[in-house]
Every structure is written in C-alpha cells, then in structure tokens.
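Open the model in your viewer and keep the sequence panel in sight. This tour goes stop by stop: what to select, then what to look for.

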Amino acid sequence: MVSVQQWTGREAKALRSALRMSTRAFAEHLGVALRTVAKWEKHGSDTHPRPDTQAILDTALARADEAAHARFEEALHSRRTAPTVDHEAWTEDIDRAIVCLSHQRFTFASDLLSRWLRRHEPRVLDDKGAYLYGRSLVLLGDLQRDQGAILGPLSARDSYLRAHRLFHDLAIPRRTAQIELSLAVVMEMAGHLEASARQYEQLATDDRLSHRDRARARLWVGTALSKHGNNEYATKVMCSAIRDFEELGEPEDWSVAHQKLALAHRGAGELGQALHYIDVARSTGSVDSPMQRVRLDTAYSHILLSDPATRDDGLTVLGDAARMASQHSLSHQLRSIEGIRRSYDDPRTLVSR
C-alpha cells in the first residue's frame with residue numbers, strides 16, 4: 001500500500017482524483033472547507049496542509065479501496081515522470097492560434113494547436129501544462145464551432161467537454177463557466193433553442209463569469225428566444241444587454257447586440273425598427289474578419305428580403321455573403337444563408353459554381 005511521507009496540494013489533488021470526487025465532495029469527505037481544497041488544487045506542491053489535516057489525508061488514503069489506491073499510485077508516478085514541457089513556446093502558439101482564428105485561418109490555427117495536443121497526455125502534465133492543454137482544447141472547440149462541426153466525435157461539443165473536465169479538476173471556476181457558455185452556444189446552433197435560452201439565463205447571473213460574459217449570456221437569451229419566435233421578450237433582454245455593453249465600454253459587443261436586435265424586430269414584423277438597428281450595426285461594427293462580414297451581411301439581407309420593395313437588393317447582399325462563407329469554409333453560416341434563401345423560395349443559386 002502506497003503511503004505519503006509529506007502531503008502537499010499535489011498529493012491531495014491526486015487522492016481526490018483517485019477517489020473520483022469533485023472538489024466539493026472531497027472537502028465534505030475530509031471535513032475541511034471547500035476553499036482549503038481549492039487552495040491545494042491551485043498551488044499544488046507549493047502548499048502544505050497543516051499537521052492535523054495531514055493526518056486526515058492519511059486516514060482518507062488508508063480507508064480508500066484497492067482500486068482507488070491503484071489510481072492514486074498511478075497518478076503519483078505519472079506526476080513524477082511528467083514530461084518536460086516548453087510552457088513559453090506553447091503559450092506563444094496559443095496566442096498565434098487566437099490571431100489565426102480571428103481571421104478564419106483555420107488550417108494554420110489547427111496545426112498550431114494539434115502539435116501540442118497530439119504531443120501530450122493531460123493526465124501526466126503538471127498544472128501549468130494541463131492549463132495550457134485546456135486552453136488549446138477550448139480554441140480547438142472554437143475552430144470546430146466556426147466550421148460547423150458542433151456535435152459528435154471531433155466536434156466543438158466534444159472538445160469543450162474535455163476542456164471543462166480539465167478546468168474543473170484544476171479548480172478554475174471562471175474557465176469552467178466560460179466553457180458552459182460555449183456549450184450553450186453549441187446547443188443553440190444545434191437547434192435546441194428553449195434549452196439554450198434556459199442555460200443562458202442561468203449563466204447571465206453566474207458570479208463565476210465576468211460582467212461582460214454575463215451581458216453576452218443575456219444577449220444570447222434574446223437570440224435564442226428570437227429564433228424561437230418570442231420576439232417581444234427577446235427585444236427586452238437584448239436592450240438590457242446593450243445598456244450593459246455601453247456601461248462596460250465594449251463597442252464591438254454593443255454593435256453586435258444591435259445586429260441581433262434588428263433581427264428580433266424583423267421577426268416581429270417591425271421592419272422600420274429592424275432597418276434602423278441594422279444601420280447602427282453596419283455603421284459601428286467591425287468587419288475585419290470574413291466571419292464578421294458574413295454575419296453582418298446575412299442579417300442585413302434577411303431584413304431586406306422581408307420587404308418586397310428591397311428583395312432584389314437583399315438577394316444581392318445574401319449572394320455576396322454566401323460566396324464569402326463558401327470561400328472561407330464557414331459551413332454553419334453557409335447553411336443559415338441557404339436556409340434563408342429557401343424560406344423565400346428563390347430558385348437562383350447564390351453560390352458561384
């Protein structure tokens with residue numbers, strides 16, 4: 001039976017993992033405060049439990065079953081033989097991948113992330129390496145989401161869930177909540193509008209998230225409800241999010257919120273209001289990336305198509321958006337564009353063959 005001469009946060013975390021308990025369940029199991037376990041998880045080998053807590057951990061290990069002992073010993077061995085990782089180089093590649101994703105350079109971003117994800121196993125990494133692995137998984141999920149791979153193996157949902165488990169084990173609640181927000185986006189993209197709206201509403205008041213992320217969750221409550229046809233309530237929560245973005249000094253989010261608000265008014269048949277708000281979005285929004293241009297043009301064309309007097313202009317703008325989406329492999333946006341075209345029963349092909 002393996003024993004521990006001197007407990008640190010790292011051995012305590014290994015025991016929690018071996019017992020397959022959450023941080024809260026582990027704290028209750030030991031009879032210590034949750035913040036104490038969180039401290040162990042955060043500081044690892046740099047923190048040492050008090051002598052009385054050392055004895056509590058000894059007892060918990062002694063009472064663990066044989067399978068848990070085996071997992072604990074494996075975890076300790078894995079940590080002792082953890083590979084040398086160039087954290088600085090990995091961080092630089094993550095920063096480069098973020099820039100690539102902002103301009104939809106998917107292939108290069110995928111190469112930057114995959115070189116690290118394929119090279120390492122998260123269970124044998126130190127805490128810093130595991131953190132970088134989790135960040136890489138989140139970015140891979142963003143990439144897969146932008147390309148329309150939202151469900152199933154090798155999808156955004158799969159990558160986000162793997163990252164969520166890592167950040168939960170690392171006891172980083174802000175990161176886990178951000179991933180829960182991304183998972184709600186995936187749920188909305190998959191068409192589960194009521195479920196995603198409920199998840200957004202919960203996250204809009206979640207203290208784990210920053211004020212900006214809570215405002216974004218509130219905005220997305222409106223987008224999901226607007227798609228579901230509940231435009232009156234959608235416009236109310238969107239206006240609330242717009243006020244938040246203005247107070248926070250987030251001009252890009254503020255502009256995107258006006259774009260979403262325009263579509264909600266279109267859904268309610270209020271075309272004058274829709275044109276007003278889409279003009280605000282078009283005059284203030286950034287179009288530095290293909291994704292931003294496609295989203296803005298798609299929203300604008302949808303509003304123009306709603307009025308017979310501007311339908312031809314709408315088809316032209318929608319065609320431009322479709323060509324850009326096709327050129328940059330924005331599959332989800334392209335499917336949305338094709339759905340809009342079908343809804344107006346237009347026989348013409350919008351994507352150049």
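Which residues of H1 are buried? Select helix H1, residues 9-19. The buried ones are Gly 9, Glu 11, Ala 12, Lys 13, Ala 14, Leu 15, Arg 16, Ala 18 and Leu 19. That makes nine of the 11 residues, so H1 is largely enclosed by the rest of the structure. Now step just past the end of H1 to Arg 20, where phi turns positive, at about 55°. Keep in mind throughout that this is a predicted model.

**The whole chain**

Zoom out and show the cartoon. There are 18 helices and zero strands. Along the principal axes, the C-alpha atoms fill a box of roughly 80 × 40 × 35 Å. Colour by accessibility: of the 353 residues, 48% count as buried. Take the contacts with a separation of 6 or more; 60% of them join residues 24 or more positions apart.

**H8 against H9**

Select helix H8, residues 127-146, together with H9. The two axes are 8 Å apart, and the helices pack at an angle of about 160°. Angles over 145 degrees count as roughly antiparallel, and H8 and H9 are therefore roughly antiparallel to each other. Their crossing is left-handed. Show side chains at the contact. From H8, residues including Tyr 131, Tyr 133, Leu 137, Val 138 and Leu 140 take part. From H9, look for Ala 156, Ser 159, Tyr 160, Arg 162, Ala 163, Leu 166 and Phe 167.

**H9 against H10**

Keep H9 (residues 156-169) and add helix H10, residues 173-189. How do the axes of H9 and H10 cross? They come within 9 Å and cross at roughly 165°. H9 and H10 are therefore roughly antiparallel to each other. H9 passes H10 in a left-handed crossing. On the H9 side, the contact residues include Arg 157, Leu 161, His 164 and His 168. H10 contributes Arg 175, Thr 176, Ile 179, Glu 180, Ser 182, Leu 183 and Val 186. Tyr 160 of H9 is worth labelling: it is among the residues that contact H10, and it is also among those that contact H8.

Next, select the loop between H9 and H10 and find Ala 171. Ala 171 is partly exposed, with a relative accessible area of 25%. Add Ala 38 to the selection. Ala 38 and Ala 171 are 133 residues apart in sequence, but their C-alpha atoms are 6.1 Å apart in space.

**Thr 223 in H12**

Go to helix H12, residues 211-227, and pick Thr 223. Is Thr 223 buried or exposed? Thr 223 has 6% relative accessibility and the cut-off for buried is under 20%, so this residue counts as buried. Which backbone oxygen does its side chain reach? The oxygen belongs to Trp 220, at 2.9 Å. Leaving aside residues up to four places away in sequence, Thr 223 touches Glu 188, Met 238 and Lys 260.

**Two loops with positive phi**

Select Gln 104, in the loop between helix H6 (87-102) and helix H7 (106-117). Its phi is near 55°, a positive value in a residue other than glycine. Gln 104 is buried, at 9% relative accessibility.

Then jump to Ser 329, in the loop between helix H17 (311-327) and helix H18 (331-343). Ser 329 is not a glycine, yet has a positive phi of about 60°. Ser 329 is partly exposed, at 37% relative accessibility.

**Cysteines**

Show the cysteine sulfurs. How many disulfides are there? The count is zero, taking a disulfide as a pair of cysteine sulfur atoms within 2.5 Å. Visit Cys 100, which is buried at 2% relative accessibility. Then try Cys 239, which is partly exposed with a relative accessible area of 28%.

**Last stop: Tyr 344**

Select Tyr 344, in the segment after H18. Beyond residues up to four places away in sequence, Tyr 344 touches Arg 266, His 302, Leu 305, Ser 306 and Arg 311. Finish with a distance line from Tyr 344 to Asp 58, drawn between C-alpha atoms. The line spans 69 Å, and the two residues are 286 residues apart along the chain.

How values were computed
Residues numbered from 1 in each chain as written. Predicted model: local features only at pLDDT ≥ 70, side-chain atom pairs only at ≥ 80, totals over all residues. Heavy atoms only, no water. Buried < 20%, exposed > 50% of the residue type's maximum accessible area, 1.4 Å probe, protein only. Helix = DSSP H or I, 4+ residues; strand = E, 2+ residues; numbered from the N terminus. Polar contact = N/O pair within 3.5 Å; in protein donor to acceptor, adjacent residues only side chain to side chain. Contact = heavy atoms within 4.5 Å. Axes fitted to C-alpha atoms, helices over the stretch in contact; angles between N-to-C directions. Parallel < 35°, antiparallel > 145°, perpendicular 65-115°, else oblique. Left-handed = near helix turned anticlockwise from the far one by under 90°.
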